[in-house]
Amino acid sequence: MQALYRHRRQTLLDKIGHGTVVIRSAPLAVMHHDVEYNFRQDSDFFYLTGLDEPESVALLVGNHEAHQFVLFVRPKNPILETWTGYRVGVELAKERFGADAVYSIEELDEHLPQYLACADRIYYHLGRDRSFNETLLRHWQTLLAGYQRSGTGPLALEDYGPLLHGQRLIKDDHELSQIRTAVEIAVEAHNLAQALTQPGRYEYEIQAEMEKVFRAQGAMGPAYPSIVAAGANACILHYTSNNTQMQEGDLLLVDAGASYGYYNSDITRTFAVGQSMSREQQALYELVLAAQRAAIAQVQPGHRFNQPHDQAVRVLTEGLVDLGLLVGEVETLIEEEAYKPFYMHRTSHWLGLDVHDVGAYKEASGEWRLLQAGQLLTIEPGLYVSPTIELMEGQPPVPPDWRGIGIRIEDDVLVTAEGCEVLTAGVPK
């Protein structure tokens, strides 16, 4: 694994010239009072180091002959380790993570300036750790004050995101292996959910059974708060209460994924709670499914990121007109976004270490990004007919039998050299 992380770091080092990249580990988050959430490492930090500990700093130093990869980590402390768990410590970190130099995090103020001083710019993302933000800015200001005398040092502070996040967009073989495992686990959980769903059960029962599969199969847990939404609850995009009893005649929307080795799956299926769908439910379901299939067909190298969305919007709008839920010319309705009361989100997002993974959707020119082999994105069109839906002026009122129906179908789609691969095809739709 060291070779993998070394390759990732070298790819970034090749882009920064004489700069220095500074990446801070994720902060510890408090659930309540003195109880902390389980630690989840910052994705950029993990991608470049593999180190899964808080209170750490990683440096990539482009203009230092001996120390291009530097780590600051927590020192060993037997008493604290008794309470909060094992620490890798300074001595083992160099061997385990391949750093050229490793220091205690307590020595940060002593050693950080030398690695900043040899840079012509600092690459750093001003993140959630305000205390560390202030530490870095303080050292930079000191170096700026001495520039007139030395003529050297970093004159600019730049976010490393545009350099690193484009790199993270293309998944390497190790990442794809982790993602496929996360998908396999989530597929098993979704299929179990469909088998267990019946009138009288509660949404949280389905959530519990799915998340049991996640952990039993070695996942870290859910990739995000699981959505198990029956009936009109499915019209709430990020519904997570999951406390309603399912009734005959409901649809159940399940949006849940597993996180495995920090990599994520993201699947949504919608199906009948009872024996069958109503005429209205069936018509909307078939429309969403047609939109998803048309969108997936647009996932090809050389196509633009927005093409799946544009195709989904067209199919959905045409279908809503055919069903009498919208009236007018399709082109005009799309231009005016008359479909948005039914479909208010976009069709895709990147997927990887983050569920909504990093990487710009548009290029510097303003054009949507071209799809490339190795990118992974979701395809997730939906229709949501809220009980209180209100359409644009000039559109007919939505009849009662259509209200309270929410449908989304989501798959994880890998761009390949030949087209695409639907990784989540193991869940029926």
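Q: In this predicted model, in which sense do strand 10 and strand 11 pair, and over how many bridges?
A: Strands of a sheet are held to one another by backbone hydrogen bonds, in a parallel or an antiparallel arrangement. Here strand 10 and strand 11 (residues 251–256) pair in the antiparallel sense, over 4 bridges. One position to find in the structure is Ala-230, whose bridge partner in strand 11 is Leu-252.

Q: What is the order of the strands in the open sheet of 3 strands?
A: The order is 10-11-14, and the pairing is antiparallel. Strand 10 (227–230) and strand 14 (267–272) each have a single partner strand and stand at the edges, so one side of each is left without a neighbour in the sheet. On average, neighbouring strands of this sheet are turned by 10° against each other, direction ignored.

Q: Which strands does helix 10 lie across?
A: Helix 10 (residues 203–216) lies across strand 10 and strand 11, and runs at about 155° to strand 10.

Q: How should the open sheet of 6 strands be read?
A: One begins with the order, which is 6-5-4-1-7-8, with mixed pairing. The edge strands are strand 6 (101–104) and strand 8 (156–158), each of which pairs on one side only. From one strand to the next, the twist averages 20°. Helix 5 (residues 108–117) packs on this sheet and touches strand 1 (20–24), strand 4, strand 5, strand 6 and strand 7 (121–124). The direction of helix 5 makes about 145° with that of strand 6. Within the sheet, strand 4 (residues 57–61) and strand 5 (residues 69–73) pair in the antiparallel sense over 4 bridges, and Leu-59 stands opposite Val-70 in strand 5.

Q: Which residues of strand 17 point one way, and which the other?
A: In a regular strand, side chains alternate between the two faces of the sheet. In strand 17 (residues 405–408), Ile-405 and Ile-407 point one way, while Gly-406 and Arg-408 point the other way; all are buried. Strand 17 pairs with strand 16 (residues 382–385) in the antiparallel sense over 4 bridges, and Ile-405 is the bridge partner of Val-385.

Q: Which residues of helix 8 are buried, and against what do they pack?
A: In helix 8 (residues 161–169), the buried residues are Gly-161, Leu-164, His-165, Gln-167, Arg-168 and Leu-169. They pack against helix 1 (2–16), helix 2 (43–49) and strand 15 (376–379).

Q: Why does Glu-81 count as buried?
A: The reasoning rests on a cut-off: a residue is buried when its relative accessible area is under 20%. Glu-81 has 15% relative accessibility and therefore counts as buried. Glu-81 lies in helix 3 (residues 78–84). Leaving aside neighbours within four places in sequence, Glu-81 is in contact with Lys-76, Tyr-86 and Arg-87.

Q: Where is Phe-39 found, and which residues does Phe-39 touch?
A: Phe-39 is found in the loop between strand 3 (35–36) and helix 2. With a relative accessible area of 22%, Phe-39 is partly exposed. Not counting residues up to four places away in sequence, Phe-39 touches Ala-26, Pro-27, Leu-28, Asp-52, Glu-53, Pro-54 and Tyr-262. The C-alpha atoms of Phe-39 and Asp-52 are separated by 8.5 Å, and these residues are 13 residues apart along the chain.

Q: Which residues make the nonpolar surface patch of about 270 Å²?
A: Met-31, Val-35 and Tyr-37 make this patch. Of these, Met-31 has its place in strand 2 (residues 30–32). Met-31 counts as partly exposed because its relative accessibility is 41%.

Definitions and conventions. Residues are numbered from 1 along each chain as its sequence is written. This is a predicted model: local features need pLDDT of at least 70, side-chain atom pairs count only at pLDDT 80 or more; totals for chains, interfaces and linings use all residues. Side-chain values use heavy atoms; hydrogens and water are left out. Buried means under 20% relative accessible area, exposed over 50%, partly exposed in between (1.4 Å probe, protein chains only). Helices (H or I, at least four residues) and strands (E, at least two) are DSSP runs, numbered from the N terminus. Two strands pair if DSSP finds at least two bridges between them. Axes are lines fitted to C-alpha atoms, for helices over the stretch in contact, and angles run from 0 to 180 degrees between N-to-C directions. Contact means heavy atoms within 4.5 Å. Patches are made of residues with over 30% relative accessible area and no salt bridge: like charges are joined within 9 Å, nonpolar side chains (Val, Leu, Ile, Met, Phe, Trp, Tyr) within 5 Å. Accessible areas come from the Shrake-Rupley method with a 1.4 Å probe; for residues, only the protein chains shown count as cover. A salt bridge is a side-chain nitrogen of Lys or Arg within 4 Å of a carboxyl oxygen of Asp or Glu.
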